[in-house]
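Please open the structure in the viewer and follow the stops below in order. Each stop names a selection and then describes what is found there.

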Amino acid sequence: MINADTARPGGRAERVRADRGAAFEAVFLDPVGQTVQQRWADAALAVAFEDLPPVSAFPAVPGRRWGPGLWWSATTGRHVPAGSNAMRTQLMALDRDPDVTALAGRPVRLLWRTGRGQVRSWIPQLFARYTDGTALLADCPSHPDAGGERALRAAEAVSAACADIGWAYRRLPPLDDITAANLKWLAGYRHPRNAGRPGLTAAVLEAFTRPRPLLEGAAAAGDPIAVLPAVFNVLWHRQLTADLATALHERVLVGPPGWNCSGRTGGAR
């Protein structure tokens, strides 16, 4: 068994060799807080990582404007630890993804050996479970080179470990500023209380059965002051669609799912 106590991310320039079928291992905390280490493929099959606490706390970096915190997930109704503003933004995007069923922050450390037999370890920042039972391990760099060469070598190894079991690993690229701002705005209305009075959601959906400007549709469903929170709530939950690459404003076109401003239909995970 690989010794978790001696595993450290490497600082040397050798390339990590993560052969298919290599002996990856997982370290995590069980429901009572005890450290468990077992073969990665076995853990991935049997462990609900989405229900586990962080295997290691997110570091608080002196001088950074945004430190560790909690994100309330509309998907699960529970808080998810977040270690940075970049991670919080990615949590927003995944929390809004209809294919995501659960989220967790840093629930597992992966261990492996390099081609030279040296033990390495890495803790992906984010875990997401999908409706088909597969999962995503991800890191949320604030820029493409964040973490340096060490993070890129770890990404290669963790990606191989996930591919071996049918999962995925990604270094999620930062969202553009407009999309991130729109997501942040809609996230402020993600809680069920913003659905408003009984019947309001149905009225909102009826008002936007055809694409129309945001404020015009809200007014068709009632007093815009009361209706707009419900519009933003259904936009968050993808019951309605708008182009989030464009700044939200009163004339932005809103329509039913599968529609966008260019008239194309469809979507992807």
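Begin with the whole chain displayed: among contacts between residues at least 6 apart in sequence, 64% join residues at least 24 apart. The model is a predicted one. Colour the chain by secondary structure, and seven helices and 13 strands are to be found. If the colouring is changed to burial, 44% of the 269 residues count as buried.

**The cores**

In soluble globular proteins, nonpolar side chains tend to be buried together. Select next Leu94, Leu126 and Val204; within the largest nonpolar core, which has 39 residues, these touch the most other members. Then add helix α7, residues 224-236, which supplies the largest share of this core, namely seven residues. A second core, separate from this one, has 27 residues, and Phe24, Leu110, Trp122 and Tyr169 are included in it.

**Valine 204**

Return to valine 204 and display its surroundings. Which residues is valine 204 in contact with, leaving aside its neighbours within four places in sequence? They are Ala221, Val227, Ala230, Val231, Val234 and Leu240.

**Helices α5 and α6**

Two packed helices are described by the angle between their axes and the distance between the axes. Select helix α5 (residues 200-207) together with helix α6 (residues 214-221): the angle is about 130°, and the axes lie 8 Å apart. Why are α5 and α6 described as oblique to each other? An angle over 145 degrees would count as roughly antiparallel and one of 65 to 115 as roughly perpendicular, and the angle of about 130° falls in neither range, so the pair is oblique. The crossing of α5 past α6 is right-handed.

Now show the side chains where the two helices meet. From α5 come Leu200, Ala203, Val204 and Ala207, and from α6 come Gly217, Ala220 and Ala221. By class, the residues of this contact are six nonpolar, one polar and no charged.

**Asparagine 194**

For the last stop, select asparagine 194, in the loop between α4 (177-187) and α5. Is asparagine 194 buried or exposed? Its relative accessibility is 15%, and because buried means under 20%, asparagine 194 counts as buried. With residues up to four places away in sequence not counted, asparagine 194 touches Gly188, Tyr189, Pro229, Ala230 and Asn233. Finally, place a distance marker between the C-alpha atoms of asparagine 194 and proline 229: the separation is 5.5 Å, although the two residues are 35 apart along the chain.

Note on methods
Residues are numbered from 1 along each chain as its sequence is written. This is a predicted model: local features need pLDDT of at least 70, side-chain atom pairs count only at pLDDT 80 or more; totals for chains, interfaces and linings use all residues. Side-chain values use heavy atoms; hydrogens and water are left out. Axes are lines fitted to C-alpha atoms, for helices over the stretch in contact, and angles run from 0 to 180 degrees between N-to-C directions. Helices (H or I, at least four residues) and strands (E, at least two) are DSSP runs, numbered from the N terminus. Angles under 35 degrees count as roughly parallel, over 145 as roughly antiparallel, 65 to 115 as roughly perpendicular and the rest as oblique. A crossing is left-handed if the near helix is turned anticlockwise from the far one by less than a right angle, and right-handed if clockwise. Contact means heavy atoms within 4.5 Å. Ala, Val, Leu, Ile, Met, Phe, Trp, Tyr, Cys and Pro count as nonpolar, Asp, Glu, Lys and Arg as charged, and the others, Gly among them, as polar. A nonpolar core is a set of buried Ala, Val, Leu, Ile, Met, Phe, Trp, Tyr and Cys residues joined through side-chain atoms within 4.5 Å. Buried means under 20% relative accessible area, exposed over 50%, partly exposed in between (1.4 Å probe, protein chains only).
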